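Visitor: I have a protein model on my screen and a pile of terms I only half trust. Could you walk me through them?
Guide: Sure, let's look at it together.

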Amino acid sequence: MGITHDTRRESYQKVDILTRQKAILQAFETHGAMTARECARHLGFVDLNGVKPRITELCQKGALEAICKEKDLVTNRSVAVYRVRPTGPGPDAQLRLSGDPPP
């Protein structure tokens with residue numbers, strides 16, 4: 001394994017993924033549709049890597065969905081706008097990691 005693989009793995013292991021996912025989902029419940037940058041700002045993150053991987057996971061689980069694109073004022077590029085899926089879990093729902101057994 002290389003150094004970058006090791007550092008990525010160490011960073012991944014330090015993040016409490018379930019807690020982060022719940023915080024992100026609650027931010028969307030509270031603030032409505034928004035971009036990853038807006039979500040990061042609401043949660044106090046400077047680096048988008050604090051929320052983007054978790055948003056992707058929440059989309060894969062069906063809790064969030066991308067609904068449109070808008071221009072990011074920082075990068076001047078099109079970015080996705082996400083929202084809680086109407087049939088998705090609420091902020092109190094139990095989210096599972098892919099390897100966790102069902103409740």
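Guide: Let's start with the elements: helices (H or I, at least four residues) and strands (E, at least two) are DSSP runs, numbered from the N terminus. This is a predicted model, so local features need pLDDT of at least 70 and side-chain atom pairs count only at pLDDT 80 or more, while totals for chains, interfaces and linings use all residues. Residues are numbered from 1 along each chain as its sequence is written, and side-chain values use heavy atoms, with hydrogens and water left out.

Visitor: What does the secondary structure of the protein chain come to?
Guide: Four helices and two strands. From the N terminus on, they run α-α-α-α-β-β. Ile24, for one, is found in helix α2.

Visitor: What makes Ile24 count as buried?
Guide: Buried means under 20% relative accessible area, exposed over 50%, and partly exposed in between (1.4 Å probe, protein chains only). Ile24 has 0% relative accessibility, so it counts as buried. Across the protein chain, 26% of the 103 residues fall in that class.

Visitor: Which residues does Ile24 touch, leaving out those up to four places away in sequence?
Guide: Contact means heavy atoms within 4.5 Å. By that rule Ile24 touches Cys39, Leu43, Gly50, Val51, Arg54, Ile55, Leu58 and Leu64. Take Gly50: it sits 26 residues from Ile24 along the chain, and the C-alpha atoms of the two are separated by 9.9 Å.

Visitor: What share of the chain's contacts joins residues at least 24 apart?
Guide: It's 54%, counting contacts between residues at least 6 apart in sequence.

Visitor: Why is something called a nonpolar core?
Guide: The name goes to a set of buried Ala, Val, Leu, Ile, Met, Phe, Trp, Tyr and Cys residues joined through side-chain atoms within 4.5 Å. The largest one here has 16 residues, and Ile24, Phe28, Cys39, Val51, Ile55 and Leu64 touch the most other members. Two or more residues come from each of α2 (17-31), α3 (36-43), α4 (52-61) and β2 (78-84). Helix α2 gives the most, with four residues.

Visitor: Two cysteines caught my eye. How many disulfides are there?
Guide: A disulfide is a pair of cysteine sulfur atoms within 2.5 Å, and by this rule the count is zero. Cys39 is buried, because its relative accessible area is 0%. Cys59, at 26%, counts as partly exposed.

Visitor: And Lys22: what makes it partly exposed?
Guide: Its relative accessible area is 33%, so it lands in the class between buried and exposed. Lys22 has its place in helix α2. Its C-alpha atom and that of Leu58, 36 residues apart along the chain, are separated by 9.4 Å.

Visitor: Ala36 isn't at zero. Buried or exposed?
Guide: Buried, because its relative accessibility is 8%. Ala36 is in helix α3, and its contacts beyond four places in sequence are Leu48, Val51, Lys52, Ile55, Ala80 and Tyr82. Ala36 and Pro53 are 17 residues apart in sequence and 9.8 Å apart C-alpha to C-alpha.

Visitor: How do you know that β1 and β2 pair?
Guide: Two strands pair if DSSP finds at least two bridges between them. Strand β1 (residues 64-71) and β2 have seven bridges, in the antiparallel sense. One example is Lys69, whose bridge partner in β2 is Ala80. The two strands form a hairpin with six residues between them.

Visitor: What stands out about phi of Asn76?
Guide: Phi is near 60 degrees, a positive value in a residue other than glycine. Most residues other than glycine have a negative phi. Asn76 is in the loop between β1 and β2, and it counts as exposed because its relative accessibility is 53%.

Visitor: Which element has the lowest mean pLDDT?
Guide: pLDDT is the predictor's confidence in each residue, from 0 to 100. Helix α1 (residues 3-14) has the lowest mean among the elements, 67, and α3 the highest, 97. For the protein chain the mean is 83, and 75% of residues reach 70 or more.

Visitor: Where does pLDDT stay under 50?
Guide: Over residues 94-103, for which the model has 17 contacts beyond four places in sequence.
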